[in-house]
Amino acid sequence: MSHSFFALISRLRAISRWGLMRNSLPENVQEHSHMVAVLAHALALIRRDVFHAPCDPERCATLALFHDASEILTGDLPTPIKYFNGELTAAYKQLEALAETRLADCLPDELRDTYAALLSPGARDNELLPLVKAADKLCAYIKCMEERKAGNMEFLSAERQTRAAIDAMGLPEVDYFAAHFLPAFELNLDELRQITDNRRRD
């Protein structure tokens, strides 16, 4: 019997993000999910290795990798619509939960429970989910920065609002990342190479 889970997951690349905005650098959900996983892993490592708090970076990265998987079935609903009012938000959450269940049902019995726990994280992941959410927000902010650098002023308001949301999170891991890594996203490739060369000489 053939199972469709991974064929569906591969279709994330066909779902565009930021649908209401004019994009200089188009982004799909597959690309976004990869970067969220990279940053969630980094935030978890910062928690563990910088702040010396127990954390599982690999679990955090895996949760992030699947955090938007339900959009294969729901599409990427623009944020202003998703959070327009409480009723719409609740209805979307129900649709999201149904999509997660349907996706898990596309797996063999032996794998279903493991993936279901990634698609719909439970209480065991409550400490990691804020890091995944923070990584998601950081990726949105980086996207806004990249659009501004490309000369697209469409994202300026989103950039300000997203940075304010990041600063309001009160997560030391996010503050550390913002201080040590975000400034480099303002640089061009030659400037990034120069930093690398300087570090090697040091």
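**α3 against α8**

I began with how α3 and α8 sit against each other, and they turn out to be oblique. This is a predicted model, so every value in these notes is computed from it. I got an angle of about 55° for the pair, with the axes 9 Å apart. An angle of 55° falls outside the ranges for roughly parallel, perpendicular or antiparallel, so oblique is what remains. The crossing of α3 past α8 is right-handed.

Next I listed who does the touching. On the α3 side I found Cys60, Leu63 and Ala64, and on the α8 side Leu129, Leu131 and Val132. Sorted by class, that contact has six nonpolar residues, with no polar and no charged ones.

**α2 against α3**

Then I turned to the other side of the notebook page: how do α2 and α3 cross? Their axes come within 8 Å, at roughly 155°. That angle is over 145°, so I wrote α2 down as roughly antiparallel to α3. This crossing is right-handed too.

The contact list here took up some space. From α2 I noted Ser33, His34, Val36, Ala37, Ala40, His41, Ala44, Leu45 and Arg48. They meet Pro57, Glu58, Cys60, Ala61, Ala64 and Leu65 of α3. By class I have 10 nonpolar, three polar and two charged residues in the contact of α2 with α3. Cys60 and Ala64 also appear in my list for α3 with α8.

I picked Ser33 of α2 for a closer look. Is Ser33 buried or exposed? Its relative accessible area is 3%, so I put it down as buried. Leaving out neighbours within four places in sequence, I see Ser33 in contact with Ala64, Leu65, His67 and Asp68.

**Salt bridges**

I counted 13 salt bridges in the model. I followed up three of them.

Arg59 pairs with Asp125, and their closest N and O atoms are 2.9 Å apart. Arg59 is in helix α3 (residues 57-65), while Asp125 is in the loop between α7 (109-119) and α8 (129-149), so this pair ties together parts that are 66 residues apart in sequence. I checked burial as well, and both Arg59 and Asp125 are buried.

Glu96 and Lys93 make another bridge, with 3.8 Å between the closest N and O atoms. Both lie in helix α6 (residues 86-104), three residues apart, or about one turn of the helix. What does accessibility say about Glu96? I have Glu96 at 15%, so it counts as buried. Lys93 comes out at 44%, so I noted it as partly exposed.

The third bridge joins the side chains of Arg112 and Asp105, at 3.9 Å from N to O. The cut-off is 4 Å, so this pair is still within the rule. Arg112 has a relative accessible area of 24%, which makes it partly exposed. Asp105, at 48%, also counts as partly exposed. I then looked for bridges with shared partners, and they join Arg59, Arg124 and Asp125 into one network.

**Positive phi**

I went through backbone angles next. Most residues other than glycine have a negative phi, so exceptions are worth a line in the notebook.

Trp18 is one I wrote down, with a positive phi of about 60° although it is not a glycine. I found Trp18 in the loop between α1 (5-9) and α2 (29-50). Is Trp18 buried or exposed? Its relative accessible area is 18%, and the cut-off for buried is under 20%, so Trp18 is buried.

His52 has a positive phi as well, about 55°, and it is not a glycine either. It is in the loop between α2 and α3. I put His52 down as exposed, because its relative accessible area is 66%.

**Leu192**

My last entry is on Leu192, which lies in helix α11 (residues 189-201). At a relative accessible area of 32%, Leu192 is partly exposed. What does Leu192 touch, not counting residues up to four places away in sequence? I found Ala184 and Leu187. I also took its distance to Gly75: the two are 117 residues apart in sequence and 35 Å apart in space, C-alpha to C-alpha.

Key:
Residues numbered from 1 in each chain as written. Predicted model: local features only at pLDDT ≥ 70, side-chain atom pairs only at ≥ 80, totals over all residues. Heavy atoms only, no water. Helix = DSSP H or I, 4+ residues; strand = E, 2+ residues; numbered from the N terminus. Buried < 20%, exposed > 50% of the residue type's maximum accessible area, 1.4 Å probe, protein only. Axes fitted to C-alpha atoms, helices over the stretch in contact; angles between N-to-C directions. Parallel < 35°, antiparallel > 145°, perpendicular 65-115°, else oblique. Left-handed = near helix turned anticlockwise from the far one by under 90°. Contact = heavy atoms within 4.5 Å. Nonpolar A, V, L, I, M, F, W, Y, C, P; charged D, E, K, R; others polar.
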